[in-house]
Amino acid sequence: MPIPELLLKSATELARMIRDHEVSPVEVVEAHIQRMEQVNPALNALVWQRFDAARQEAKEAEVLAARGGDDLPPLLGVPFTDKEAIALKGAPLTSGSIYRKGMVAVEDATAVARVRGAGAIPLGVTNISEMCMWMESDNVIYGRTGNPYDPKKTCGGSSGGEGAVVGAGASPFGVGADIGGSIRMPAFFCGVFGHKPTGGVVPLTGHVPEPEAGAGRISTVGPICRRAEDLMPLLRIMAGPDGKDVCARQDPQLGDPSMVDFAGARVLLCDGLGGPTTRVAPELIQAVQRAGAGLQAHGAHIEPWSSPLTTSAFQIWGAVLTLAGESSFHSIMGEGTPPPLIREWLNLLRGKRRHTLPALALASIEKVFDNFPTWGLKKYADQASELRGEIEALLDGGGVLILPTHPRPAPPHDAPLFRPLDWVYTGLFNAMELPVTAVPMGLSSSGVPLGVQIVGPRLRDHQTIAAALTLERDGIARWDPPVDQN
C-alpha cells in the first residue's frame, strides 16, 4: 500500500501549502498521527505521544493561517518528532537510563524551543540507545526499535527512533543529536537525510547526558528529514548561541547552498577507511561513485582520496573525547555513580537486565583510554588536527568529500556487536568537528536503504547541504518510502 501523497512532502512544502491555504494544519497533523498509529506498533519508535495536544495546536495554527500575513512562522502547522534525550517540555527525559525512569522535562531544549517557536508542532519523543552511546536504539525502559524497511534490522542509534519515524513517513522531520554518528547512521539505515552540523553551531542545552567541557564541540544537535530542502532551513532555525551552552559558537555565519557552484570544485571520493573495520559493501562503493559522478556532471573534478590516518579512526575519536574532559561512560550510565559492573553483568545473564549489553561492554572496555598515557592521547588528538587540516586544505574552494556512512546497509539486530568498530566511519568526523550530511541513495538489492555521507570544511555546512540538494534535484539521491506489507 503506497504512502498518501501528503506524507511525501517536505516540511518546507507543507508549510507553504498551509500558508497558501491548500491544506490545513489540522489535516497535516492528523495525517501524520494516523500514519504514526499505523506503523509504530511494528517499529516501537515513538515512545511517548502528545497527539491530543498536537491536534489542539493544529487548530490554533489553522486560525493563524486563516489570518494570513507576511509574519507567519516559517513552519506553522508542520508536525515533527524529537529524540527522547533532547528535552521536550512535559515529555520523558530518561535518555534510556533506568536511573532516570520517571524523569520529565520541565522546559524545552534550545533546539526544540526554536523549532516550536518557528510554528512546528511536536507529536512526541522517539527511542534511543542507552545514554545515547550505541548504534542500536534499545534500552531497558522502552525496548528496541525496528527499521521501517525491515523491522528485523537495526534503525541505527542513538537517534534511531527519529530515523525510523521519518523513514516510515510518519514525521516530516525530527530533532536528533550526534556524538559518533547518531544522526547519520539512523538517516542512512532508514533511507532519509540527516545533517551533523559543524561542532558548536547548534547549542546542546537540554540534551541528556549533557556534554562536558570541550565535548560540546564533538557532540551536535541537528535535523533528520525526508527531503534535502529542509536541511538548511532547519539548521538556520536551530543554530546560534543561547547564552547557556559555553561551547556554542558565537557567530556561526551559515552560508547559502544556492550560492554553491560545483563547477571546478574538487570532489574527493573515498571507498573505505581501512583499519579494523568491515570491508565496505560493493553497493555502497557504487553509491559513492554515483554521487561523485552526479557532482561531476555539474563540473566538479573527481579525485580518489585516502589517508593512512583514517586507520586510527577509533583511537582518534576516543582520544579527542577523553581529552575534552568528558566523564567516563561508566559514571554517566549510573547518573554520576558508576554501577558495579560485575553485578550488572550477572543481572544481564540472569535475564534481569538493568543495562543493555552494549552499554555494559562500553563501560568495561573504556578503561583502554583511561589507562592511556596523556602523551598517547595527545598523539591521536594531533592526528585529528592533522587530518582535518589535510581535508580542509583539499576542499578549499567549495569541494566536498564523499564516503560511505557505514560499511554495510542496515544489518540485523545485534549484528553490530560482532563488528563493533564500524561506527567509526561517522565518529571520525565528530572528532574533527566537521559538518557532514547523510544522503540516501535509493535501495539495495535486498530492499534496504543505501547512502553516503558528504563532508565539508568547518562552518561550510552549506556546501555539504548544497551537494545533497544537487543530487536530490537530479534524482540521484532520494528517499524511497517503504512499501507497507499489509
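Here are some short exercises on this predicted model, each with a worked solution.

The model is predicted, with local features needing pLDDT of at least 70 and side-chain atom pairs counting only at pLDDT 80 or more, while totals for chains, interfaces and linings use all residues. Residues are numbered from 1 along each chain as its sequence is written, and side-chain values use heavy atoms, with hydrogens and water left out.

**Exercise 1. Two crossing helices**

Find how helix 9 and helix 14 pack, and list the residues that meet.

Solution.
- Step 1: Locate the helices, remembering that helices (H or I, at least four residues) and strands (E, at least two) are DSSP runs numbered from the N terminus. Helix 9 covers residues 313-323 and helix 14 covers residues 374-394.
- Step 2: Look at the axes, which are lines fitted to C-alpha atoms, for helices over the stretch in contact, with angles running from 0 to 180 degrees between N-to-C directions. These two axes are 8 Å apart, and the packing angle is about 110 degrees.
- Step 3: Name the arrangement. Angles under 35 degrees count as roughly parallel, over 145 as roughly antiparallel, 65 to 115 as roughly perpendicular and the rest as oblique. Helix 9 is therefore roughly perpendicular to helix 14.
- Step 4: List the residues in contact (heavy atoms within 4.5 Å). Helix 9 brings Gln315, Ile316, Ala319, Val320, Thr322 and Leu323, and these meet Leu377, Lys378, Tyr380, Ala381, Gln383 and Ala384 of helix 14.
- Step 5: Sort them by class: Ala, Val, Leu, Ile, Met, Phe, Trp, Tyr, Cys and Pro count as nonpolar, Asp, Glu, Lys and Arg as charged, and the others, Gly among them, as polar. The contact of helix 9 with helix 14 has 8 nonpolar, 3 polar and 1 charged residues.

**Exercise 2. A second pair**

Work out how helix 8 and helix 16 are arranged.

Solution.
- Step 1: Helix 8 (residues 282-296) and helix 16 (residues 461-473) have axes that come within 10 Å and cross at roughly 90 degrees.
- Step 2: This makes helix 8 roughly perpendicular to helix 16.
- Step 3: Ala291, Gly294 and Leu295 of helix 8 make the contact with Ala467, Thr470 and Leu471 of helix 16.
- Step 4: By class, the residues of this contact are 4 nonpolar, 2 polar and no charged.

**Exercise 3. The open and the closed space**

Describe the largest pocket and the largest cavity, with their linings.

Solution.
- Step 1: Start with the terms. On a 1 Å grid over the protein atoms alone, a cavity is a set of points where a 1.4 Å probe fits but cannot get out, and a pocket is an open set with protein on both sides within 12 Å along at least five of seven lines; lining residues have an atom within 4 Å of a point. Grid points are joined across faces, edges and corners, and a volume is the space filled by probe spheres set on the points.
- Step 2: The largest pocket has a volume of about 880 Å³. It is lined by 41 residues, of which Met133, Trp317, Leu321, Leu362 and Trp423 are the closest to its centre.
- Step 3: Helix 9 gives the largest share of this lining, 5 residues. The classes in the pocket lining are 25 nonpolar, 11 polar and 5 charged.
- Step 4: There is 1 cavity of 30 Å³ or more, and the largest cavity has a volume of about 40 Å³.
- Step 5: Residues lining the largest cavity include Gly274, Pro276, Phe314 and Val424. Helix 9 supplies the largest share here too, 3 residues, and the cavity lining has 5 nonpolar, 5 polar and no charged residues.

**Exercise 4. Unusual backbone spots**

Find two cis peptide bonds and a positive phi.

Solution.
- Step 1: Recall that most residues other than glycine have a negative phi, and most peptide bonds are trans.
- Step 2: Glycine 157 and serine 158 are joined by a cis peptide bond with omega about 5 degrees. Serine 158 sits in the loop between strand 7 (150-154) and helix 5 (160-167).
- Step 3: Another cis bond joins valine 208 and proline 209, with omega about 0 degrees.
- Step 4: Asparagine 44 has a positive phi, near 55 degrees, and lies in the loop between helix 2 (25-43) and strand 1 (46-49).
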